[in-house]
Structures are given as C-alpha cells and as structure tokens.
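Visitor: Please pick a single part of this model and take a close look at how it sits among its surroundings.

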Amino acid sequence: MTYDVLGGDGGTDRRAARNKKWAGAMVIEGTQVGNQNGGISRPADSAADAIAAQLARRILDGSLAMGDRLPPERSLAESFSASRGTVREALRSLSARGLVARRVGSGTFVIYEPDAGETDVSEITSPLELVEVRAAIEPQMARLAVRNATARDMAALERAVAEMEGVEDAESFSLADELFHLRLAEATHNPLIVEIYHRINHVRAHQQWDSIKNKILTPEQITAYNAEHRALLAALSRRDADRAVKVLSAHMDRARADLLASAS
Ligand SMILES: [Zn+2]
C-alpha cells in the first residue's frame, strides 16, 4: 500500500488536469477574498493568503506543474477580483515557500515538482527511526483515544487484541499488531493521525523490519507485547489517559530496546 499525500498520480490524468487547469483555478472554493477578519489584520493579508492558498493547492496537487507559467498579474487580479498588489503579495508568499519563481521579463513559473521525491521513505527509514516516530506519536494517540474512542472503536480494538493473542509466529503477530495500532489511530478520530499512521505501517511493512522481526519476535516477546496491549485496552476502557500513555510509552520503549538488542 502506498500513500501519496500530494495526490499527484502523474501521467494522462495529470496532463488532462493541466489542460483545464485555469478553468477552475480562479474560483476560490469556499473562500471569500476580501476582508474577512476585519479589525486587527490588514484586509490585504487575508485576501493575499486566500489567493496564495488556492494557487498552492493547485501546485501541490499537480494541476499546475513544474515549469508552468502562471497568468500575468493583471489576469490573476481580474480572476480573483483582487488588486494587483494583493496578487503580488500572494505570489511573494508562494515564492517564499519555494513553489514559484519570478523571472524578470517572462513571468512567474512553478518550480515545485510533486513527483520529485521519488524515494519511497520506507526505503530510507531504519527500524529504529520508525520506532522513534512511533514513540513520538503513539502516546498522544492513546491520550486522544481515551477522549474520543466510541464503543465501536473499543470493540474493534478488542477484536484486534484477541486476534494478536491467537497467533504465534512473528509474521502473523506483526501484521495483527499493525492492525491494532492502526485501530488505535482511528480511535483518535483525527484524520491526519490516521493518514500518518497509514504511512507508518507502510514503512513498517518494508523489508528492513521484515528481515529482523523473526529475530526480535520470539514467543516470549510476543507474550510480553500482548500483555501490554491488554493493559492498554484496559486503560482505554477505564478512560484512564495517564495510564494509557504510560503503558504505550513502555510499549515503545520495549520495541526500541529489542531493536537495539538485536543489533548488538
Ligand atoms: Zn503493539
């Protein structure tokens, strides 16, 4: 499973999208250009931000591609019903973000290539680096799950734990464990966390981890990990955030320690 957060899938779809890119580019979806904030912030700021956001989205999703020239300021100003100063401000902010570059005499060009990052992050992330990311995010997942998990989430977590307890080999356990932690991510009801977690599992499925898991996941370790999953589930059921965070942090500490031990 691969996740392309930028959503650009290249090829014909993208070319088709490029051909009609200006057809829809000028419509500010759900955004009113103008003074939305009133009072404190300058009106031009919010209008420029809205235009910049709209253009940035087109660039990030690939409908405005590397090397494409943006329409002249005057046309952009007309399309967005904004002043040329506001458009210039928006272009400056896109330029500061490395999305466009202005070339004197020829216009403003897209300099961002969504497909440039061809390297699959799973190819270059070590198992230890993976655990470091999980240790950063999962305790917070536990805290949010305590707050947001529904009865349905709890049932899904319970099923995932039961499934893990029913397997003995490293391969099946690892898969069941991925599912359990994904269920925990889902129980936060934070879509970005779920998205990030899919990526974490994508990295985890990679061979660097694949090749050492048989060494790490002995029957004794599997039993120890499962006891922690049970303890986490119990803490979630009691809506005990501190305990849930503590159990999950210990779970990640064990994973890190096991990896280090396997390397020595
Ligand atoms: Zn686990």
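Guide: Two residues count as in contact if their C-beta atoms, placed from the backbone, lie within 7 Å. The model is predicted: local features need pLDDT (the predictor's confidence in each residue, from 0 to 100) of at least 70, side-chain atom pairs count only at 80 or more, and totals for chains, interfaces and linings use all residues. Numbering starts from 1 along each chain as its sequence is written.

The part chosen is helix H12, residues 219-237 (helices are DSSP runs of H or I, at least four residues, numbered from the N terminus). Its end C-alpha atoms are 27 Å apart, which agrees with the 27 Å expected for 19 residues, at 1.5 Å times one less than the residue count. Buried in H12 are Ile222, Tyr225, His229, Leu232, Leu233, Ala235 and Leu236 (20 or more other C-beta atoms within 10 Å; exposed means 12 or fewer). These cover an arc of only 160° around the axis, so they lie on the same side of H12; the arc is taken from the directions from axis to C-beta atoms. Pro219, Glu220 and Thr223 are exposed on the face turned away.

The buried residues of H12 pack against H7 (127-148), H8 (151-165), H9 (170-187) and H13 (241-263). Leu232 and Leu236 are among the residues touching the most other members of the largest nonpolar core, which has 31 residues (buried Ala, Val, Leu, Ile, Met, Phe, Trp, Tyr and Cys joined through C-beta atoms within 7 Å). H7, H8, H9, H10 (191-204), H12 and H13 each supply at least two of its residues. Beyond four places in sequence, Ala145 contacts Leu184, Ala187, Thr188 and Leu236. Just after H12, Arg239 has a positive phi of about 55°.
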